[in-house]
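Trainee: Could you take me through a single part of this model in detail, and then set that part within the chain as a whole?

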Amino acid sequence: ARQAQALLGWARDLLLLAPEGDGYQLRLERGNEVLDLGYLPLPEAGATDDPLAAVLGPQVVDLPRWVVLPAGSGLRRRILMPAAAVDRLHDVLRFEIERQTPFDAASVVFDALLLGRRPDGQADIELIVVPKASFDASLSALGPLAETLAGVDIAAVGAAPAGVNLLPPARRV
């Protein structure tokens, strides 16, 4: 979706936070380019102030913030399903999680990518699931930053975001 937006000129810059050790790598995604801004330690326990406000300029600090989890944080499965199911993909996948992964739907957060439609009426889908316990722990470690997120993605090839949003819609800023 973000690639299509970039091609049409609708893309918006994003601030990417990639957990790494006792902190996170801060990157700026601008179109198809990702710039490293630096490494910052995790906020101290009990912190309530936005730690990015002290280190970023006004044009950058207000950009949509996305956490990019390490690729090993989740499970990715390519599946084939009827193209007619794409319109209600999340509802259909909620039932497929138990068949396609070792998890039950209640214990994961998930999203999917539509990889393409086939002439035979099938659709190629990539299902991405992350156990809720590790997902919640990753967000909890961010302290006050967790309340400022527009999304949570997972790293794909070359640490670039895969293009999904694992953050429940009610929690997106």
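**One strand and its setting**

Mentor: Val 68 stands opposite Asp 153, a residue of strand β8. The model is a predicted one, in which local features require pLDDT of at least 70 and side-chain atom pairs count only at pLDDT 80 or more, while totals for chains, interfaces and linings use all residues. Residues are numbered from 1 along each chain as its sequence is written, and side-chain values use heavy atoms, with hydrogens and water left out.

The strands β4 and β8 run parallel and are joined by 5 bridges. Here two strands pair if DSSP finds at least two bridges between them. Helices (H or I, at least four residues) and strands (E, at least two) are DSSP runs, numbered from the N terminus. Strands of a sheet pair through backbone hydrogen bonds, in a parallel or an antiparallel sense.

Strand β8 belongs to an open sheet of 5 strands with mixed pairing, in the order β3-β2-β1-β4-β8. At its edges are β3 (33-41) and β8 (149-154), each of which pairs on one side only. Neighbouring strands of this sheet are turned against each other by 25° on average, direction ignored. Axes are lines fitted to C-alpha atoms, for helices over the stretch in contact, and angles run from 0 to 180 degrees between N-to-C directions. Towards the other edge, β2 (residues 23-30) pairs with β3 in the antiparallel sense over 8 bridges, and Arg 27 there stands opposite Asp 36 in β3.

Is an edge strand such as β8 covered or open? Strand β8 is mostly covered, with 6 of its 6 residues buried; buried means under 20% relative accessible area, exposed means over 50%, and partly exposed lies in between (1.4 Å probe, protein chains only). One residue placed in this strand is Leu 149. Leu 149 counts as buried because its relative accessibility is 0%. Leaving aside residues up to four places away in sequence, Leu 149 touches Arg 65, Trp 66, Val 67, Leu 139, Leu 142, Leu 167, Arg 171, Arg 172 and Val 173; contact means heavy atoms within 4.5 Å. Leu 149 and Asp 50 are 99 residues apart in sequence, and their C-alpha atoms are 12 Å apart in space.

Strand β8 also contributes to the interior. In the largest nonpolar core, of 29 residues, those touching the most other members are Tyr 24, Leu 26, Leu 52, Phe 135, Leu 139, Leu 142 and Val 152. At least two residues of this core come from each of β1 (14-20), β2, α2 (58-61), β4 (65-69), β6 (108-117), β7 (122-131), α4 (132-141) and β8. A nonpolar core is a set of buried Ala, Val, Leu, Ile, Met, Phe, Trp, Tyr and Cys residues joined through side-chain atoms within 4.5 Å. In soluble globular proteins, nonpolar side chains tend to be buried together. The contacts of Leu 26, not counting residues up to four places away in sequence, include Leu 15, Leu 37, Leu 52 and Leu 56. Another core lies apart from the largest one; it has 18 residues, among them Ile 79, Ala 83, Val 86 and Ala 123.

A further open sheet, of 3 strands with antiparallel pairing, has the order β5-β7-β6. In this sheet β5 (75-82) and β6 stand at the edges with a single partner strand each, so one side of each is left without a neighbour in the sheet. Strands β6 and β7 are joined in the antiparallel sense over 9 bridges, and the bridge partner of Val 109 is Val 130 in β7. Helix α3 (residues 89-100) lies across β5, β6 and β7 and runs at about 110° to β6. Helix α4 packs on the sheet as well, touching β6 and β7, with its direction at about 65° to that of β7.

For a contrast with Leu 149, consider Arg 77, which lies in strand β5. Arg 77 counts as partly exposed because its relative accessibility is 32%.

As to the whole, the chain has 4 helices and 8 strands, arranged from the N terminus on as α-β-β-β-α-β-β-α-β-β-α-β. Buried residues make up 42% of the 173 residues. Among contacts between residues at least 6 apart in sequence, 55% join residues at least 24 apart.
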